Amino acid sequence: YFVPSCLLVACTTDHVVAWHWCKKENSHTYTKLLEQLPAPLIVTTDGQRGALKAITTQWPTATIQRCLIHIKRNIQTQITLNPKLPAGKALRALSLSLLKITTADQAAAWLVLLQEFHTVYTPWLAEKTYKDDVEADQIPTRFKNNKTWWYTHYRHRSAYHLLEQLARNNQLFTFINPPEGVHM
């Protein structure tokens, strides 16, 4: 970001291949960037929604690899650097271990750990808090005006669902088993 503008950049591992100046990141501005490029076999992205929409629209055959550093940061934003609850500690460990995976066997073992988290913590993640049971000053701002209940552990739930969705969409370990034609 360069106030008041933003520079979107597409690059390979060794050079910039396209860029687009814009006022904000959204699917329209990312589409303008991607229109300059032929469809690749694989795209690594931070997961910004506008970018993902543009990628899947402009390049429907491209395989997506989500940036593991950004995933770790997203989890960290939800559960903090030093989570106190066992579920938070488990999610933090899962996010950190993502960065060490280099083989298909390690990826498969990680997916087993994610499933184990689901088995152990799903009832806990499903717990609800009702507005009528909480003092007004204890209601999270995001729920004050429009909710009668919310998931008690909504931050942990959000972190888990991010990992689960990326695993389900095969966007975590594309780099281990890239599409045919990709030379690593």
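**Burial and overall build**

I began with burial in this predicted model, and found that buried residues make up 36% of the 184 residues in the chain. I then looked up the exposed surface, which comes to about 11,700 Å², with carbon and sulfur atoms supplying 55% of it. Taken along the principal axes, the box filled by the C-alpha atoms is roughly 55 × 45 × 25 Å.

For the secondary structure I noted six helices and six strands, and reading from the N terminus I wrote down the order β-β-α-β-α-β-α-α-α-β-β-α. I also checked how far apart in sequence the contacting residues are: among contacts between residues at least 6 apart, 44% join residues at least 24 apart.

**Largest pocket**

I next went to the largest pocket, for which I have a volume of about 1,100 Å³. Its lining consists of 33 residues, and those nearest its centre are C11, I42, V43, T44 and T45. I listed the elements that give two or more residues to this lining, namely β1 (6-11), α1 (27-34), β3 (42-45), α2 (49-58), β4 (63-66) and α3 (68-79). Sorted by class, the lining of the largest pocket holds 22 nonpolar, eight polar and three charged residues.

**Second largest pocket**

The second largest pocket has a volume of about 450 Å³. I counted 18 lining residues here, with G47, R49, R66, L162 and Q165 the closest to the centre. Two or more residues each come from α2, β4, α3 and α6 (154-168), and I marked α6 as the element that gives the most, with six residues. By class, I recorded six nonpolar, nine polar and three charged residues in the lining of the second largest pocket.

**Cysteines**

Having met C11 at the largest pocket, I asked myself how many disulfides the chain has. The count comes to zero. C11 is in no disulfide, and the nearest cysteine sulfur, which belongs to C67, is 11 Å away. Seen from the other side, the sulfur of C67 has that of C11 as its closest cysteine sulfur, and because the two are 11 Å apart, they are too far from each other for a bond. I also looked at how open C11 is to the surface, and at 54% relative accessibility it counts as exposed, because the cut-off for that class is over 50%.

**H153**

Is H153 buried or exposed? I found a relative accessibility of 13%, so H153 counts as buried, the limit being under 20%. H153 sits in the loop between β6 (149-151) and α6, and, leaving aside residues up to four places away in sequence, it touches W124, L125 and E127.

**Backbone notes**

I went through the backbone for unusual angles and began with the peptide bond that joins V3 and P4, which is cis, with omega about 5°. P4 belongs to the segment before β1.

I then noted T80, a residue other than glycine with a positive phi, near 75°. T80 lies in the loop between α3 and α4 (86-98), and with a relative accessibility of 41% it counts as partly exposed.

My last entry is N170, also not a glycine, whose phi is positive and near 55°. N170 is placed in the segment after α6, and at 58% relative accessibility I entered N170 as exposed.

Terms used: Residues are numbered from 1 along each chain as its sequence is written. This is a predicted model: local features need pLDDT of at least 70, side-chain atom pairs count only at pLDDT 80 or more; totals for chains, interfaces and linings use all residues. Side-chain values use heavy atoms; hydrogens and water are left out. On a 1 Å grid over the protein atoms alone, a cavity is a set of points where a 1.4 Å probe fits but cannot get out, and a pocket is an open set with protein on both sides within 12 Å along at least five of seven lines; lining residues have an atom within 4 Å of a point. Grid points are joined across faces, edges and corners, and a volume is the space filled by probe spheres set on the points. Helices (H or I, at least four residues) and strands (E, at least two) are DSSP runs, numbered from the N terminus. Ala, Val, Leu, Ile, Met, Phe, Trp, Tyr, Cys and Pro count as nonpolar, Asp, Glu, Lys and Arg as charged, and the others, Gly among them, as polar. Buried means under 20% relative accessible area, exposed over 50%, partly exposed in between (1.4 Å probe, protein chains only). Contact means heavy atoms within 4.5 Å. Accessible areas come from the Shrake-Rupley method with a 1.4 Å probe; for residues, only the protein chains shown count as cover. A disulfide is a pair of cysteine sulfur atoms within 2.5 Å.
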